[in-house]
Amino acid sequence: MSEQTQEPGPSEPRRVVVAGAGVAGVQTAVALREQGFTGTVTLIGAEPHQPYDRPPLSKAVLLGKAENSAFDVDFESLGVELRLGCEVLGLRPSDHELDTEAGPVPYDVLVVATGAEPVRLPGAEGVAGVHLLRTLDDAERLRPVLARQHDIVVVGAGWIGAEFATAAREAGCAVTVVEAAERPLAETLPAEVAAPMAAWYADAGVDLRTHARVERVEPGAVVLDDGTRLPAGAVVVGIGARPATDWLAGSGIALGTHGEIVADRHLTTSVPDVYAVGDCASFPSGRYGERLLVHHWDNALQGPRTVAVNILGAATGRAPEVYDPVPYFWSEQFGRFVQYAGHHVDADRTVWRGDPADPAWTVCWLRQARLVALLAVGRPRDLAQGRRLIEAGAAMDPELLADPARPLKSAAA
């Protein structure tokens with residue numbers, strides 16, 4: 001056994017159990033060791049595969065350019081016990097036990113990192129040729145579909161729908177994307193920002209159909225509510241995700257309106273000795289004055305450090321660390337690299353840097369002259385500078401900000 005796991009400190013918990021072996025769970029285990037935790041760490045994952053990263057699933061793994069995306073982590077040398085292919089079933093906080101398929105697992109501290117699960121298309125379950133894209137197994141099932149260059153219908157024009165459509169076109173498939181809303185990314189971005197992105201679909205040879213609701217899915221076809229019948233050798237559903245928290249029913253852990261764990265600003269839950277991190281939990285943001293539920297990779301990467309610090313700090317009486325990041329995500333679609341940082345909902349001014357008809361442009365959101373969010377298409381320097389300015393709460397000169405030839409940071413007042 002690694003020297004790290006010999007004897008815990010005098011006031012440390014002896015056993016930390018992490019439920020969920022995605023990026024949030026893996027990074028929690030790694031962060032605990034990096035912070036000097038010396039007790040036992042058990043990482044429980046529902047899938048049988050070695051823990052892996054999800055972003056490559058819609059890119060390299062899907063297109064056969066990589067076999068998997070396993071994390072480059074030596075769990076044995078870290079002294080982290082892996083229990084894979086083991087689904088969590090319930091939680092009994094009074095007994096400090098986690099119920100799993102393999103039996104109860106005792107803990108001193110539990111970290112819930114079970115992530116999110118895809119929303120399924122009603123009526124499509126069990127129909128041959130209908131796919132989701134969330135797991136490694138999903139990607140492996142879809143890879144031969146792309147290789148055979150089927151006609152593919154993608155339901156949902158969100159981030160995952162666009163990324164899959166991009167990969168399918170690269171593989172030579174004919175792709176139709178159907179979206180119930182009037183534009184892509186309708187629930188994520190304002191109309192004036194999302195509207196220019198609709199042209200990307202046509203440029204890539206993708207048939208985008210908005211205001212299009214699926215009536216039913218049949219083997220080989222998708223039928224829309226206006227009677228249109230779309231041939232479909234395969235159907236890929238990308239209509240969102242919800243926190244994977246059903247197993248917490250009756251545990252006493254407070255859940256929000258979306259089924260997410262309601263964590264506090266230290267990522268602790270309503271139950272003692274239980275933390276929550278990643279896609280399954282929301283947290284209150286002092287920066288933005290509201291509770292955020294962030295279903296993106298960077299949140300799952302950053303939150304574990306706060307959890308690890310607070311687990312060790314609780315044992316020593318150290319003041320807990322507050323989790324209040326600037327949300328960040330990226331997407332690669334239709335030959336473009338799209339990045340977003342911040343939270344734009346309460347912005348009172350929008351400033352464009354460049355023409356959205358061009359290959360590269362940025363849109364910035366201000367609130368009382370302070371930069372609160374930006375979306376950059378093909379302008380990574382804008383994103384890097386803007387993210388730092390958001391973190392600093394910097395006030396901006398809108399006229400200077402609107403000049404795409406100037407460095408974004410030069411517009412700071």
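The following exchange concerns cysteines, a helix and two histidines in a predicted model.

Colleague: How do you know that Cys 280 is too far from the closest cysteine sulfur for a bond?

Modeller: The closest cysteine sulfur belongs to Cys 86, and the sulfur of Cys 280 lies 17 Å from that atom. A disulfide requires two cysteine sulfur atoms within 2.5 Å, so this pair does not qualify. A search of the whole structure finds zero disulfides.

Colleague: Why is Cys 280 called buried?

Modeller: The relative accessible area of Cys 280 is 0%, and buried means under 20%, so the term applies. Cys 173 also has a value of 0% and is therefore called buried.

Colleague: What makes the reach of helix H6 close to the expected one?

Modeller: Helix H6 covers residues 297–316, which is 20 residues. From first C-alpha to last, H6 reaches 30 Å, against 28 Å expected at 1.5 Å a residue. Just after H6 comes Gly 317, with a positive phi of about 85°.

Colleague: Why is His 96 called partly exposed?

Modeller: Its relative accessible area is 24%, and the term covers values between 20% and 50%, so His 96 is partly exposed. His 96 sits in the loop joining strand S4 to strand S5. Although not a glycine, His 96 has a positive phi of about 50°.

Colleague: What makes His 211 exposed?

Modeller: Exposed means over 50%, and His 211 has a relative accessible area of 59%, so the word fits. His 211 is located in the loop between strands S12 and S13. Its phi is positive, at about 50°, although His 211 is not a glycine.

Definitions and conventions
Residues are numbered from 1 along each chain as its sequence is written. This is a predicted model: local features need pLDDT of at least 70, side-chain atom pairs count only at pLDDT 80 or more; totals for chains, interfaces and linings use all residues. Side-chain values use heavy atoms; hydrogens and water are left out. Buried means under 20% relative accessible area, exposed over 50%, partly exposed in between (1.4 Å probe, protein chains only). Helices (H or I, at least four residues) and strands (E, at least two) are DSSP runs, numbered from the N terminus. The expected span of a helix is 1.5 Å times one less than its number of residues.
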